Amino acid sequence: MGRITLDQVTKSFGEVNVIPPLDLTIEDGEFVVFVGPSGCGKSTLLRLIAGLEDVSSGQIRIDGEDATDKRPADRGLAMVFQSYALYPHMSVRKNIAFPMKMAGVPEDEQKRRIDGAAAALNLTDYLDRRPGQLSGGQRQRVAIGRAIVREPQAFLFDEPLSNLDAALRVGMRLEISELHKRLATTMIYVTHDQVEAMTMADKIVVLRAGYIEQVGTPLELYRTPRNRFVAGFIGSPRMNFIEGETAAAKGAFAVGVRPEHIAASTESGTWQGKVGVAEHLGSDTFLHVHDTGLADVLTVRVDGELPVRHGDRIFLTPEEDKIHRFDAEGHRL
Amino acid sequence: MARAVTNRRKAVTTLAAWLIGIAIFFPILWIIVLSFKTEGEAIKAPLEVLGSPWTLESYATVQERSNYLLHFTNSVIISVGSTVLGLIIAIPAAWAMAFVPGRRTKDVLMWMLSTKMLPPVGVLVPIYLIFRDFGLLDTRFGLTVVLTLINLPIIIWMLYTYFREIPGEILEAARMDGASLRNEILYVLTPMAVPGIASTLLLNIILAWNEAFWTLNLTAAKAAPLTAFIASYSSPEGLFYAKLSAASTMAIAPILVMGWFSQKQLVRGLTFGAVK
Amino acid sequence: MATQHSRAAARLMISPAVLLLLGWMLIPLAMTIYFSFLRYNLLMPGMEEFTGWTNYRFFLTDPAFKAALINTLLLVGGVLLITSVGGVLLALLLDQPFWGQGVVRIMVIAPFFVMPTVSALVWKNMFMNPVNGLFGHFAQSLGLAPFDFLSQAPLASIIGIVSWQWLPFATLILLTALQSLDQEQLEAAEMDGAGPLSRFFYIMLPHLARAITVVILIQTIFLLSIFAEIFVTTSGGPGTASTNLTFLIFLETPAALRRGHGLGRGRGRDHPGQHRRDLPDADDRQEPGRVRMTRGAANRPQIRSARADRTGAPPAAAHASGGRIWRKMKVGEE
Ligand SMILES: Nc1ncnc2c1ncn2[C@@H]1O[C@H](COP(=O)(O)OP(=O)(O)OP(=O)(O)O)[C@@H](O)[C@H]1O
Ligand SMILES: [Mg+2]
């Protein structure tokens, strides 16, 4: 129903090569997240799939059928944009009805689907308002509603939550996840927020400069990042990297330890350093430890109650089996 | 964060602004005054003019002598017609330039505007000959076509600057939603651009209404708009101030009133490209 | 947002406009260039004869051409200068809080709506006429000799009239631009110790740059082809003192074309200042092919078209003037 295959797809804008040859398969019903730093080509990739940009070479297949030269409307995909892209001159109802009107869906069927979508998205009371009279979250829901009623083969989301405030973002995240569970339709979701990626995805695709660095489930990426880039990108706070003697002793160019895999103590440990800034989150505290002789700064996640102050001496002990080793090129050893 | 402005300062500004405003408006005010005077009174010194009796005589004379209604109708048909025709051609063009910009889009736009910089007289004779051969001289249709071409670059430029402010994502959403190009322009772009289109419409009606090269040169009588009507009072009637004033008032009043009522729209239209 | 489909669609969408404008530019241009190499008689087709560059030489070596070029530059430059500087100052004033902003705004915008023929006639007769004009009355009441604007300073007078028409345009655009300036920027500058003048030059003026560019661009387009204002007031005179390129070419177009077709309706000259003609009158062709253009011709009341009078159309005192190019062909015809 919604299996999407990219085969040696490339994209360049004039001289600039944004996507080098790239292969990727997205299985039917999967929730796939494209994640990567700004400018790495996530949106471009999504727009190639949507048909809003032409591929420079290669092939895109949807359900085994070549869709490379199909127009966006003929691909059976729905897209939710970062800016929502609602039609400002139409009421919420008309917005949601628009794709059906274009497809020539009969009136009563339109009404049924609109009511269904409105009920599912808590929009029933707002159907006659204009987008300008809605809050950001409501607008986002309208955009999703407009996508749902088309009953597409796959949904494409381009950073749909980045314009919302933190609390709303968490709520909408859950709603989209639930929607996916309910519809079981393929979803491709672009974000540069690795928390969104980790919490929502069945499969994460990490991109850097158009290259796929790694594809895998959230936990695979967390546990066995293929290289330093993925290791640093997935996980929050970032993994600590240590080069030099300590790494050499383990037969690597660099080793990486996540902040949550380092135990801190005021009395004894493998490494020692001075406490810099301590970020108290309540449940946890992130300590920035300086003067360890290992790296500029090591981040450590400690219990929220650990009584340390700025400038205190502190001892750190990494969990040996959670240490990641990388060679000089950054590949995992 | 408006700061408290002292009343004294405000009074000084008020005085200055009103003086300048009245000075700029004065010529128009003056022809309105003169149009209600007799010829004899109209050429007197200003203070005497104001003191003299008011009369509608000049309007009656002008009405008698010229077919104002015909020229007015011509002006309306020609200016509205050419603007609407221009919009129909310009909307798709501006869509293309704003939403599918190519490397040469800016150059094309500049080229279009530059066609307006050529002195129109350069092409007067050829256009005249073409018009003569096609029987278009002194026809409203012919003049409408010429004014469409004359104002097309400005219409395209104004629409382009307005369309550029419309996020392309919305049109892309329409495309994803299955809208054909025609539907995308008809149901999404055009309704969203109503303010911009309205301003463009207004400004171009004004420009076409006031256009005074082609309207003077390609019409004689039956298709002559108000610009030509007023030119007929140029001489020797020019010395008949009251009649000239009445005719002038009649020629400018329609557009002046329209302009005043649509002032806000108009200014917005003029400033799309000028103000971020 | 560019796919093959949309690019193809874009080409299709833009082509009517491009083709029309291209046609509008090229067809007449080609015809003009073709004619320009010909001894061509519009009234007697079939008598064309190739003349090479002769017509160009006549045109380009004509002292009137150089004068018209300079006048065009002065006219465009003068109006641009007055309207942009005046516009900025006026916008600064109108941007201050004062009583009756709405009304003043309406008064200031008004000249923009006035058609050029009207404003030229009104300025010429009601204001600049040395006998009955307001300025004349004013000078008299001060005991001064009235100044005949259109003959003493024709170009400057036209610059004044045109500036009056375009000042509202500049003012409104600049005012809107000024109002869009973020007040916090000004306050930040004030906090940084910038006085009013520095605030103007370092914050406001750069902010207005874009608006000023638009004002200049749009006005230039219209100012280059100023026609009606000259046509109605000075007819380019005295001599070539107020002839711009547009008007010069107009004068050079064949009278034969205009006569009887309503093309180029002439008007008489009633302005006292214009009696001092320093150019030979039209129809005495002393020098075949080198006859000066004929701005005085329209003086002859007897050629006023009766038809025009009847229909209420302009009393087309047919312009008996004819350009040298066309004059030449007439001579050839005889
Ligand atoms: N139309 C275009 N013309 C030229 N270059 C482009 C175009 N669109 C995108 N790019 C370039 O392609 C690269 C990838 O852009 P893209 O928008 O896909 O990044 P992204 O991963 O979505 O970033 P972000 O997280 O900031 O949205 C960028 O370097 C960008 O400059
Ligand atoms: Mg993006």
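**Talking through a predicted model**

Mentor: Welcome! The unreviewed UniProt entry places the feature "transmembrane region" at residues 12-37, 68-94, 106-123, 155-178 and 208-232 of chain C. UniProt positions are given in the numbering used here, feature names are shortened, and annotations may be inferred rather than shown by experiment. This is a predicted model, where local features need pLDDT of at least 70, side-chain atom pairs count only at pLDDT 80 or more, and totals for chains, interfaces and linings use all residues. Residues are numbered from 1 along each chain as its sequence is written, chains are lettered from A and ligands numbered from 1 in the order in which they are written, and side-chain values use heavy atoms, leaving out hydrogens and water.

Trainee: How much of residues 155-178 of chain C is helix?

Mentor: That span is 100% helix and 0% strand, with its end C-alpha atoms 32 Å apart. Helices here are DSSP runs of H or I with at least four residues, strands are runs of E with at least two, and both are numbered from the N terminus. Residues 106-123 of chain C are 67% helix and 0% strand, and their end C-alpha atoms lie 20 Å apart.

Trainee: What makes the length of helix 5 of chain B close to the expected one?

Mentor: The expected span is 1.5 Å times one less than the number of residues. Helix 5 (residues 68-99) has 32 residues, so the expectation is 46 Å, and the helix reaches 45 Å from its first C-alpha to its last.

Trainee: Where in helix 5 of chain B is there a kink?

Mentor: At Ala90(B), shortly before the proline Pro92(B), with a bend of about 35 degrees. The bend is the angle between axes fitted to the seven residues ending at a residue and the seven starting there.

Trainee: How do you know which residues surround ligand 1?

Mentor: A residue counts if one of its heavy atoms lies within 4 Å of the ligand. Among those surrounding ligand 1 are Phe13(A), Val18(A), Glu159(A) and His192(A). Helix 1 (residues 42-50) of chain A gives the most to this shell, with three residues.

Trainee: Why is the approach of Lys42(A) to ligand 1 called a polar contact?

Mentor: A polar contact is a pair of N or O atoms within 3.5 Å; within protein, one must be able to donate a hydrogen and the other to accept it, and residues adjacent in sequence count only if both atoms are side-chain atoms. An N or O atom in the side chain of Lys42(A) is 2.8 Å from an oxygen atom of ligand 1, so the pair qualifies. Backbone N or O atoms do likewise, from Gly39(A) at 2.8 Å and from Cys40(A) at 3.2 Å.

Trainee: What is unusual about Asn122(A) and the bond from Ser236(A) to Pro237(A)?

Mentor: Most residues other than glycine have a negative phi, and most peptide bonds are trans. Asn122(A), not a glycine, has a positive phi of about 60 degrees. The bond from Ser236(A) to Pro237(A) is cis, with omega near -5 degrees.
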